[in-house]
Amino acid sequence: MNKREQQRLIREQKQQAAEKKAALQKNLTRLALVILVPLILIGVLYGLMGQGEVYPPDEIGPTDHVRGNPEADTTLVVYADFQCPACATEHRVMSQAWPRIASDVQLVFRHYPLTTTHPFAWTAALYSEAAGRQGKFWEMYDLLFMNQAYWSGLASVEAEFDGYLEQLDLNVEQAHQDMQDDTLLQKVRNDQRGGTRAGVRSTPSLFVNGRQVPVPQNPVDMIALVNSASE
């Protein structure tokens, strides 16, 4: 075999090897599609089915945190973020007005953590829900908002939030376990999904009997809002 024939043989062998490699890659791609597509579809369906029900602002759901008069005709639904400064202001206004309006309303709090701008909002929401499982959601709600200016500037908030749990005589270890529970996590996600569906674009957002209204900036206006809704 001369040199030219040897080169031709080498070229043919390389071409055959390239064709075999291409055929193998094609078969592997087909196999991957056969395996992955069903898995992806199952994952999507599982996610959709696992999201849970969301409730509009004119309806109180079984997982909602509610305070006030259960017989009242007026319902206030607040979508808020525990690290949002404007939400802390809304909390202060609501707290000051509360003694005058508590008998006339049901107040519902729903989570709407803006995690892109408030890195600790999600963690705060989970801690509040964990406290709620031990019967002290509203007490944790108050502590988170009243101390917001402090913990928002920390590098890490877990130790601070654990201190709030201890201050409320709650089981810290149990709270940590609860925060890993998918049901608790989904509660926060569902609140946010429901808020987006209702038109929430910023926090705080306030709905009175299902109708979105400007958030009063002082207790006098909050009281007047409730009085007008109750008439």
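Here is a chat between two people looking over this predicted model.

Colleague: Let's start with the sheet. Is strand β3 buried or exposed?

Modeller: Take the strand residue by residue: β3 spans residues 105-111, and 7 of the 7 are buried. On one side sit V105, L107, F109 and H111, and on the other Q106, V108 and R110, with both faces covered. The rest of the structure therefore largely encloses the strand, and the word for β3 is buried.

Colleague: And in which sense does β1 pair with β3, parallel or antiparallel?

Modeller: Strand β1 covers residues 65-68 and shares 4 bridges with β3. For one fixed point on the ladder, R67 has L107 as its bridge partner. The sense of the β1 and β3 pairing is antiparallel.

Colleague: Then there's β2. What is the hand of the crossover that takes the chain from β2 to β3?

Modeller: Strand β2, residues 74-80, pairs with β3 in the parallel sense over 7 bridges, and A80 stands opposite H111. Between the two strands the chain runs through helix α2, residues 85-101, making a β-α-β crossover. Its hand is right-handed.

Colleague: Back to R110 for a moment. Which residue does the R110 side chain meet in a salt bridge?

Modeller: R110 is buried, with a relative accessible area of 2%, and its partner is buried too, at 12%. The closest N to O distance is 2.8 Å. The partner lies in the loop between α1 and β1 while R110 is in strand β3, so the bridge ties together parts 46 residues apart in sequence. That partner is D64.

Colleague: D64 seems to have another partner. How many residues apart are K187 and D64?

Modeller: The side chains of K187 and D64 meet in a salt bridge too, at 3.7 Å from N to O. K187 sits in helix α8, residues 182-198, whereas D64 is in the loop between α1 and β1, so going by sequence this pair links distant parts of the chain, and the separation is 123 residues.

Colleague: Staying in α8, about how many helical turns separate D191 and K187?

Modeller: These two form a salt bridge as well, with the closest N and O atoms 3.1 Å apart. In an α-helix there are 3.6 residues a turn, so residues three or four places apart point the same way. D191 and K187 are 4 residues apart in α8, so the separation is about one helical turn.

Colleague: Which residues end up in one network through shared salt-bridge partners?

Modeller: K187 is buried at 8% relative accessible area, and D191 counts as buried at 7%. D64 meets R110 in one salt bridge and K187 in another, and K187 also bridges to D191. Joined through those shared partners, the network is D64, R110, K187 and D191.

Colleague: On to the helices. How many of the 10 residues of α4 are buried?

Modeller: Helix α4 takes in residues 137-146. The buried ones are F137, W138, M140, Y141, L143, L144 and F145. The helix is largely enclosed by the rest of the structure because so many of its residues are buried, and the count is 7.

Colleague: Last one: are α3 and α6 roughly parallel or roughly antiparallel?

Modeller: The axes of α3, residues 121-133, and α6, residues 158-167, come within 11 Å and cross at roughly 20 degrees. The crossing is right-handed. Angles under 35 degrees count as roughly parallel, and therefore the answer for α3 and α6 is roughly parallel.

Definitions and conventions. Residues are numbered from 1 along each chain as its sequence is written. This is a predicted model: local features need pLDDT of at least 70, side-chain atom pairs count only at pLDDT 80 or more; totals for chains, interfaces and linings use all residues. Side-chain values use heavy atoms; hydrogens and water are left out. Buried means under 20% relative accessible area, exposed over 50%, partly exposed in between (1.4 Å probe, protein chains only). Two strands pair if DSSP finds at least two bridges between them. A crossover is right-handed if, with the strands pointing away from the viewer, the path from the first strand over the helix to the second runs clockwise. A salt bridge is a side-chain nitrogen of Lys or Arg within 4 Å of a carboxyl oxygen of Asp or Glu. Axes are lines fitted to C-alpha atoms, for helices over the stretch in contact, and angles run from 0 to 180 degrees between N-to-C directions. Angles under 35 degrees count as roughly parallel, over 145 as roughly antiparallel, 65 to 115 as roughly perpendicular and the rest as oblique. A crossing is left-handed if the near helix is turned anticlockwise from the far one by less than a right angle, and right-handed if clockwise.
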